[in-house]
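Q: Please take a close look at the largest pocket of this protein. What lines the largest pocket, and which elements supply the lining?

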Amino acid sequence: MRLKLPATLLRFLMLTMCAALARPMLATAQEAQEAQVAQEAQVGGSTPVVNQHQDGYSFEHYIHAVPKTPGDYRPITAEGRLNWFARETVGPRSLTAGLFSSAIGTAMDSPHEYGPHWDGFAQRYGMRMTGISTGNAIEAALGAAWGEDPRYFHTVHQSFGNRVKNVADLTFRAYHPDGERHLAYARFVAEFGNNFLSNTWRVPSDSDWQRAMIRTAEGFGGRALSNAFSEFVPVLWRKLRHQPDLYPVDARNP
């Protein structure tokens with residue numbers, strides 16, 4: 001049975017509405033997490049991390065640098081988590097990536113139910129949006145509950161090899177309130193859960209467990225590419241425009 005675009009867009013709109021309704025839950029979970037960190041810091045006689053006002057090495061308003069020490073890490077706020085969800089779902093980078101992936105799928109006529117034409121391209125694009133929005137909503141919600149930071153943190157004055165290691169590491173791990181990197185459990189649940197859940201509304205040739213596993217692998221591959229973009233492109237752009245380095249020459253981080 002051929003999936004029509006209006007149904008795909010309807011699912012996407014429903015997921016977006018669910019994400020909007022989940023905002024109070026995310027905010028409450030984040031506030032509880034920050035309160036717990038502050039309480040633990042007071043018990044230990046130290047200044048809570050969430051009350052620090054130093055930006056550290058902030059590259060842009062949403063691309064942050066690897067903290068020098070666990071104490072330099074600042075947990076993501078509820079507003080920051082919601083901004084991350086919106087940016088990763090309907091931001092320019094995500095929308096552009098959807099154009100390329102949908103074009104490739106249309107050229108290869110995969111899945112074949114959509115056909116190699118403009119209508120098929122639109123259906124593929126809409127279907128990708130339902131998957132992206134579902135996965136990001138799961139990662140944002142579980143991450144708020146578990147204290148997992150979905151943001152990417154780039155390196156400062158590191159070798160190419162160390163930069164690549166950082167890209168790969170933050171594909172599968174994430175920062176937690178203790179300022180250390182741990183396995184990104186919310187991301188794993190989001191990738192696997194989203195791709196197997198979407199089998200319920202995908203066309204027959206794209207709705208078995210093998211295809212779900214392939215999409216999951218592609219999801220982690222896409223996260224690695226996004227990390228690489230955040231790691232290398234801003235630096236290259238600064239050099240092409242002959243802009244000065246934002247960091248001291250002796251600045252280093254893990």
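A: In this predicted model, the helices α3 (78–90), α4 (92–108), α5 (118–146), α7 and α8 (209–240) each supply at least two residues of the lining of the largest pocket. Of the elements that contribute, α8 gives the most, with twelve residues. The pocket has a volume of about 1600 Å³, and 50 residues line it, of which Ser-101, Arg-128, Ile-132, Glu-218 and Gly-222 lie nearest its centre. Sorted by class, the lining of the largest pocket comprises 18 nonpolar, 17 polar and 15 charged residues.

The setting of these helices can be read from the whole chain, where the protein has eight helices and four strands, arranged along the sequence in the pattern α-α-β-α-α-α-β-α-β-β-α-α. Of the 254 residues of the protein, 42% count as buried.

One of the helices that supply the lining, α7, spans residues 185–197 and holds Val-189. Val-189 also belongs to a nonpolar surface patch of about 490 Å², which it makes together with Trp-146, Phe-172, Leu-183 and Tyr-185. Why does Val-189 count as partly exposed? Its relative accessible area is 38%, and because partly exposed covers values between the 20% limit for buried and the 50% limit for exposed, Val-189 falls in that middle class. Helix α7 is thus named both among the elements that supply the pocket lining and as the place of Val-189, a member of the nonpolar patch.

Key
Residues are numbered from 1 along each chain as its sequence is written. This is a predicted model: local features need pLDDT of at least 70, side-chain atom pairs count only at pLDDT 80 or more; totals for chains, interfaces and linings use all residues. Side-chain values use heavy atoms; hydrogens and water are left out. Patches are made of residues with over 30% relative accessible area and no salt bridge: like charges are joined within 9 Å, nonpolar side chains (Val, Leu, Ile, Met, Phe, Trp, Tyr) within 5 Å. Accessible areas come from the Shrake-Rupley method with a 1.4 Å probe; for residues, only the protein chains shown count as cover. A salt bridge is a side-chain nitrogen of Lys or Arg within 4 Å of a carboxyl oxygen of Asp or Glu. Buried means under 20% relative accessible area, exposed over 50%, partly exposed in between (1.4 Å probe, protein chains only). On a 1 Å grid over the protein atoms alone, a cavity is a set of points where a 1.4 Å probe fits but cannot get out, and a pocket is an open set with protein on both sides within 12 Å along at least five of seven lines; lining residues have an atom within 4 Å of a point. Grid points are joined across faces, edges and corners, and a volume is the space filled by probe spheres set on the points. Ala, Val, Leu, Ile, Met, Phe, Trp, Tyr, Cys and Pro count as nonpolar, Asp, Glu, Lys and Arg as charged, and the others, Gly among them, as polar.
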